[in-house]
Amino acid sequence: MVAIMTETTRTDSPPTSRPVRQLLAASVGNAVEWYDWYAYTFLATYIAAEVFPKSADNSLVPLLSTFAVFAVGFFMRPVGGLLMGAIADRRGRRAALTVTILLMGGSSLLVGLTPTYESVGVLAPMVLVLARLLQGLSVGGEFAASTTFLVESAGPGRRGLFSSFQYVSTTAGQLVASGIATLLVDTLSDGQMNGWGWRVPFVLGAVLSLVGFWIRQGAQETRSAEQQRAPRPGLLEALRRHPRQSLLICGITAGGTIAYYTWTSYLPTYAELNAGIEKSDALLAGTISLAFFGLLQPIGGLLSDRFGRRPLLLFFGLGFTLLTVPLLRSLHDSFAVLLLVQCAGMVLLTGFTSISAAVNAEAFPPRVRAAGIGFPYSLTVAMFGGTAPYVGTLFKELGHADLFPWYVAVLCLGSSLVYLRLPETAHKPLER
C-alpha cells in the first residue's frame, strides 16, 4: 500500500501566526468561486430555453444540451488543476489563488452576457461553452491551490478542521447561488426569468469575484522558505514520480464526487423529472439541506482529527452503497420527503467532504502537493461528478431512470474498497 507520508517531516507548525486570517482568505475566495460555478446548475432550465434551439419532438433535448455543457466545463478542471497547481508549487499558493478568482469572475460575466439562440443562432451555445471552459479551468485550479493552502495553514491536530472549511465555503457559495435562484424564481414571472432574470446571478458573481480578489491580497504564503529556494518542479513531476498516490486519489474521489454532485446539485432536477416536485419546492429543499450540510462540515473535521480519517470515509462510502437506492426510490410528490432524503444524504456525505482536502494534501510531499492533488482529483470529478446530471437525465430520457441510483451506489462501493486499505494519516505530522 502507498506510503501516504514521508517519515522525514520537520515540523507541523503553521507558517503563520494568524491562522484565522488564512482561513478567511481561503474560505471567502473559495465561496465566491463556487457561487459562480453552481449558479449555472440551479438555472440550467432557463439557460436551456434561451441559449439552445428548442426541439419540437422532445422537451428534454435543450436541458440535456445544457447539462452537456456543464460536463464540458468539468473536463477543463484537470487542466486547471495541473496548470494552476504548477503555479502554486512554483510561484506560491497565494499567486495561484489570485489567478483563479480573477479567471472565474471574467468567465461568470461572460455567462451573464451570453446572447440568446434566437438573436445570434449557434454563436450563443458557442459563447456559453467558452465561458464554461474558462470556469472549469478556474475551479480545477482553485481546488488544488486552496486545498493545499488550507491544510498547510493548520496547526497540529487541526488539519481535519481546517480541511472542512473547503466545503464550508463551497457550500456557502452554493447556498447563496441556490438562495438567489430561489428568490428570483419566486419573485419574477416566467417571462422575466427567461428574458433577463437568469443573467443576474452571473453578473453579481463577477462583482463578488473582485471582493474575493481583494481579500486574498492579505493572505500569507504557506509554501516554506526551503521550498521557495528549491528548484521548481516540472509540470508532470507529480504524476511521474508519484503515480501510486495519483491513482489513490482517483479511487478516494470517485464515490465522493458522484454522491456530492448528485445530492448537492442534481437532486432538485432529479426530483422534478422523476417525482413530480414543483421547481420552487425542489430549489427550496435544496437550499435548506445545503445550510444543514455546511453546519456539519466542522463537526466531521474535528471527529477526523480525534478518531482518524478512515472511519469517516467508511461511514460515507458504505452508507451511500447501502442507502442510495432506497433513498432515491422513496422520493414522491412531497416537499417533506425530498427534504428528509436530502438531509439524510448530507449526513453521510460529510464523512467524505469534511476531510477530503486533508486526505489529499497528506498524500503528497510539499514540492508537488498542489499539482499532485489538482490533476487526479479534477480528472476523477470530471469523469464522475461533472457527468452526474447528464447521466441522470439521459437515463430518464432512455426510460431507465431507476438505474441512476444503482450507478451512484456502485461507484461508492468501489471507493469503499479503497478506504478499507487506506493508511491512517490523521495523527502524523505534515511534511512542509
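Q: Which helix gives the largest share of the lining of the largest cavity?
A: Helix 13, with four residues. This is a predicted model, where local features need pLDDT of at least 70, side-chain atom pairs count only at pLDDT 80 or more, and totals for chains, interfaces and linings use all residues. Residues are numbered from 1 along each chain as its sequence is written, and side-chain values use heavy atoms, with hydrogens and water left out.

Q: What counts as a helix here, and what as a cavity?
A: Helices are DSSP runs of H or I with at least four residues, numbered from the N terminus. A cavity is a set of points on a 1 Å grid over the protein atoms alone where a 1.4 Å probe fits but cannot get out, and lining residues have an atom within 4 Å of a point.

Q: How many cavities of 30 Å³ or more are there, and how much space is in the largest?
A: The whole structure has six of them, and the largest holds about 80 Å³. Grid points are joined across faces, edges and corners, and the volume is the space filled by probe spheres set on the points.

Q: Which residues line the largest one?
A: Thr41, Phe42, Leu43, Ala44, Thr45, Ser265, Pro268, Thr269, Glu272, Lys279 and Leu283. The elements giving two or more residues to that lining are helix 1 (19-42), helix 2 (44-51), helix 13 (243-275) and helix 14 (279-307).

Q: Switching to charges: how many salt bridges?
A: Seven, taking a salt bridge as a side-chain nitrogen of Lys or Arg within 4 Å of a carboxyl oxygen of Asp or Glu.

Q: What does Glu142 pair with?
A: Arg216, with the closest N and O atoms 2.6 Å apart. Glu142 sits in helix 7 (residues 123-153) and Arg216 in helix 10 (residues 200-216), so the pair ties together parts that are 74 residues apart in sequence.

Q: Are Glu142 and Arg216 buried or exposed?
A: Glu142 is buried at 0% relative accessible area, and Arg216 is buried at 1%. Buried means under 20%, exposed over 50%, and partly exposed in between, with a 1.4 Å probe and protein chains only.

Q: And which acids does Arg309 bridge to?
A: Asp305, at 3.1 Å between the closest N and O atoms, and Glu362, at 2.7 Å from N to O. Glu362 lies in the loop between helix 17 (356-361) and helix 18 (369-385) while Arg309 is in helix 15 (residues 309-329), so that pair ties together parts 53 residues apart in sequence. Arg309 and Asp305 are both buried, and Glu362 is buried too.

Q: Which residues are linked in a network of salt bridges?
A: Asp89, Arg93, Glu152 and Arg369.

Q: New topic: how many disulfides?
A: Zero, a disulfide being a pair of cysteine sulfur atoms within 2.5 Å. For Cys250, the nearest cysteine sulfur is that of Cys412, 16 Å away.

Q: Why no bond for Cys343?
A: Because the closest cysteine sulfur, in Cys412, is 18 Å from the sulfur of Cys343, too far for a bond.

Q: Are those two, Cys250 and Cys343, buried or partly exposed?
A: Cys250 is partly exposed at 22% relative accessibility, whereas Cys343 counts as buried at 19%.

Q: Last one: which residues make the nonpolar surface patch?
A: Val79, Leu83, Leu235, Leu236 and Leu239, covering about 360 Å². Leu235 lies in the loop between helix 11 (225-229) and helix 12 (237-241), and is partly exposed at 35% relative accessibility. Patch residues have over 30% relative accessible area and no salt bridge, with like charges joined within 9 Å and nonpolar side chains (Val, Leu, Ile, Met, Phe, Trp, Tyr) within 5 Å. Accessible areas come from the Shrake-Rupley method with a 1.4 Å probe, and for residues only the protein chains shown count as cover.

Notes. On a 1 Å grid over the protein atoms alone, a cavity is a set of points where a 1.4 Å probe fits but cannot get out, and a pocket is an open set with protein on both sides within 12 Å along at least five of seven lines; lining residues have an atom within 4 Å of a point.
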